[in-house]
Amino acid sequence: MTSNRPYLIRAFYEWIEDNGLTPHLVVNAEAPGVEVPKQHVQEGRIVLNINGSAVRNLHLGNDWIEFNARFGGAARTVRVPVTSVLALYARENGHGMAFSEEQSDSDDPPPPPPEKAGGSPERKPTLKIVK
């Protein structure tokens with residue numbers, strides 16, 4: 001049976017956003033395949049603001065979470081395997097969900113998503129409310 005983690009991440013992300021709060025991911029930065037700015041890692045973990053106004057091209061896939069964001073003014077692409085996500089919560093009140101560390105058959109991360117002809121990974125269309 002497939003993991004329910006990616007589905008729960010998407011559901012909690014939507015719930016937090018729908019309530020006007022700021023979703024934050026806690027990621028095991030030492031897990032295989034994690035691509036995050038290492039200078040922001042503390043005690044092997046990194047907390048990432050994935051609010052729609054803080055990131056671009058957010059993709060919450062079944063195997064990978066990917067987005068573009070600025071860290072210290074420098075644009076970066078962040079890629080983390082879903083299995084490396086330790087928690088998703090609302091910054092304002094701490095409500096969300098913590099995940100246990102999943103054991104997989106392999107220590108290797110899932111294969112990266114296929115690249116489109118234009119050179120960027122295939123992404124589902126998203127809508128953003130602009131006020």
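In this predicted model, Phe-12 is partly exposed, because its relative accessibility of 22% lies above the 20% limit for buried residues. Trp-15 is also partly exposed, with a relative accessible area of 41%. Both residues belong to helix α1, which spans residues 5-18. They are three residues apart, about one turn of the helix. The aromatic pairs in the model come to a count of one. Phe-12 and Trp-15 form this pair: their ring centres are 5.7 Å apart and their planes stand at 90°, so the arrangement is edge-to-face.

Two rings have a charge placed over them. The charged end of Arg-10 sits over the ring of Tyr-7, at 4.8 Å from the ring centre. The charged end of Arg-79 sits over the ring of Trp-64, and here the distance to the centre is 4.3 Å.

The chain as a whole contains one helix and seven strands. Along the sequence the pattern reads α-β-β-β-β-β-β-β. The chain has 131 residues, and 36% of them are buried. Many contacts link distant parts of the sequence. Among contacts with a separation of 6 or more, 57% join residues 24 or more positions apart.

Three of the strands form an open sheet, in the order β3-β4-β5. The pairing in this sheet is antiparallel. Strands β3 (55-60) and β5 (74-81) are the edges, and each pairs on one side only. From one strand to the next, the twist averages 15°.

The two pairings can be taken in turn. Strand β4 covers residues 64-71 and is joined to β3 by four bridges, in the antiparallel sense. In this pairing, Val-55 stands opposite Ala-69 of β4. Between β4 and β5 there are eight bridges, and these strands also run antiparallel. Trp-64 has Pro-81 in β5 as its bridge partner. This is the Trp-64 whose ring lies under the charged end of Arg-79. Strands β4 and β5 form a hairpin, with two residues between them. Gly-72 lies in the turn and has a positive phi of about 60°.

Positive phi values also occur outside glycine. Most residues other than glycine have a negative phi. Glu-43 departs from this pattern, with a positive phi near 55°. Glu-43 is found in the loop between β1 and β2. Its relative accessibility is 84%, so Glu-43 counts as exposed. Asn-57 is not a glycine either, and its phi is positive at about 55°. Asn-57, however, lies in strand β3. With a relative accessible area of 45%, Asn-57 is partly exposed.

In soluble globular proteins, nonpolar side chains tend to be buried together. The largest nonpolar core of this model holds 26 residues. Ile-9, Leu-25, Val-36, Leu-48, Ile-65 and Phe-67 touch the most other members. Helix α1 and strands β1 (23-28), β2 (45-49), β3, β4, β5 and β6 (85-90) each supply at least two residues of the core. Strand β4 gives the most, with four residues.

Leu-48 shows how parts of the chain meet. Beyond its neighbours within four places in sequence, Leu-48 is in contact with Pro-23, His-24, Leu-25 and Val-27. Its contacts also include Val-36, Phe-67, Phe-71 and Val-78.

Pro-37 lies in the loop between β1 and β2, the loop that also holds Glu-43. Pro-37 has a relative accessibility of 1% and therefore counts as buried, whereas Glu-43 is exposed. Leaving aside neighbours within four places in sequence, Pro-37 contacts Ile-46, Phe-71, Arg-76 and Val-78. Phe-71 and Val-78 are also among the contacts of Leu-48. Pro-37 and Phe-71 are 34 residues apart along the chain, and their C-alpha atoms are separated by 7.7 Å.

Terms used
Residues are numbered from 1 along each chain as its sequence is written. This is a predicted model: local features need pLDDT of at least 70, side-chain atom pairs count only at pLDDT 80 or more; totals for chains, interfaces and linings use all residues. Side-chain values use heavy atoms; hydrogens and water are left out. Two strands pair if DSSP finds at least two bridges between them. Axes are lines fitted to C-alpha atoms, for helices over the stretch in contact, and angles run from 0 to 180 degrees between N-to-C directions. Rings of Phe, Tyr and Trp (its six-membered ring) pair if their centres lie within 6.5 Å; planes under 30 degrees apart count as stacked, over 60 as edge-to-face and the rest as tilted. Buried means under 20% relative accessible area, exposed over 50%, partly exposed in between (1.4 Å probe, protein chains only). A charge sits over a ring if NZ of Lys or CZ of Arg is within 6 Å of the ring centre and within 35 degrees of the ring normal. A nonpolar core is a set of buried Ala, Val, Leu, Ile, Met, Phe, Trp, Tyr and Cys residues joined through side-chain atoms within 4.5 Å. Contact means heavy atoms within 4.5 Å.
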